[in-house]
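I sat down with a structure I had not met before and kept a few notes. Come and read along with me.

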Amino acid sequence: MKALYNYLKEVAFAFVSLANGLLLTLKYFVTPWKSIITENYPDNRANPSVADEFAGEVILIHDENNEHKCTACTLCQLACPNNSIQIISKQVETEDGKKKKVLDKWVYHLEMCTFCKQCIDACPQDAIKMTNSYELSCFDRSTLTKILNQPGSKLKEKPKVTAKVQE
Ligand code: SF4
Ligand code: SF4
């Protein structure tokens, strides 16, 4: 008897939930001006409101001097679950004659990216971020493979810390 009571209770609860949902839909249907439910995209292409948190695509941050913070450590590449990132590095000679690994090409395969942000979390330098761009479709698949480091850009050097001599 208790099982039948519980069953009927669940059926009644389901009908109440359904009725609540339908009433809400009806309310928005008859008073659409009171609350904007959708962005009417893609008809409204120019100015839909996009949340700041929306993850559009990965970019490498450059400052006004065309400098970035990527040390080519490859941690983002290792963190990416579907090989959307290739960090290509090269060796250069510093002023004091030492060899140093620097970023050559930051290759991003947008066509494979699932926008999971794991690369962003993995980067110890905060060198990359996700934009909230939403117009990412295109007709030419090859344009989805991007080199994120800008031509002529280089690693932003950290200010040298000089030890203070105690007198
Ligand atoms: S957002 Fe995710 S899938 Fe896209 S490049 Fe970063 S780690 Fe890879
Ligand atoms: S973007 Fe960050 S994690 Fe990726 S190679 Fe550069 S410094 Fe390393």
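Which domains does the domain assignment of the chain give? I looked this up first and found domain 1 (2-34) and domain 2 (57-155); such bounds come from an automatic or database domain assignment. I then took their centres over C-alpha atoms and got a separation of 49 Å.

A note on ground rules: this is a predicted model, where local features need pLDDT of at least 70, side-chain atom pairs count only at pLDDT 80 or more, and totals for chains, interfaces and linings use all residues. Residues are numbered from 1 along each chain as its sequence is written, while chains are lettered from A and ligands numbered from 1 in the order in which they are written.

**Overall form.** I noted a radius of gyration of 26 Å for the chain, where a compact globule of 167 residues would have one near 15 Å. This radius is taken over C-alpha atoms, and the globule rule is 2.2 Å times the number of residues to the power 0.38. Along its principal axes the C-alpha trace spans about 85 × 45 × 40 Å.

**Helices and strands.** I counted three helices and seven strands, in the order α-β-β-α-β-β-α-β-β-β along the sequence. Both are DSSP runs numbered from the N terminus: helices are H or I with at least four residues, strands E with at least two.

**Helix α1.** How far apart are the end C-alpha atoms of helix α1 (residues 2-30)? I found 42 Å, which agrees with the span expected for 29 residues at 1.5 Å a residue; the rule is 1.5 Å times one less than the number of residues. The number of buried residues in α1 is zero, so this helix lies largely in the open. Buried means 20 or more other C-beta atoms within 10 Å of a residue's own, exposed 12 or fewer, and partly exposed in between, with C-beta atoms placed from the backbone.

**Loops.** I stopped at P42, in the loop between α1 and β1 (57-60), where the peptide bond from Y41 is cis, with omega near 15 degrees. N83 has a positive phi near 55 degrees and is exposed, with 9 other C-beta atoms within 10 Å.

**Ligands.** I listed 13 residues around ligand 1, the closest being C80, S84, C113, C116 and C119. Ligand 2 is surrounded by 13 residues, with C70, C73, L75, C76 and C123 the closest. A residue is near a molecule if its C-beta atom, placed from the backbone, lies within 6 Å of it.
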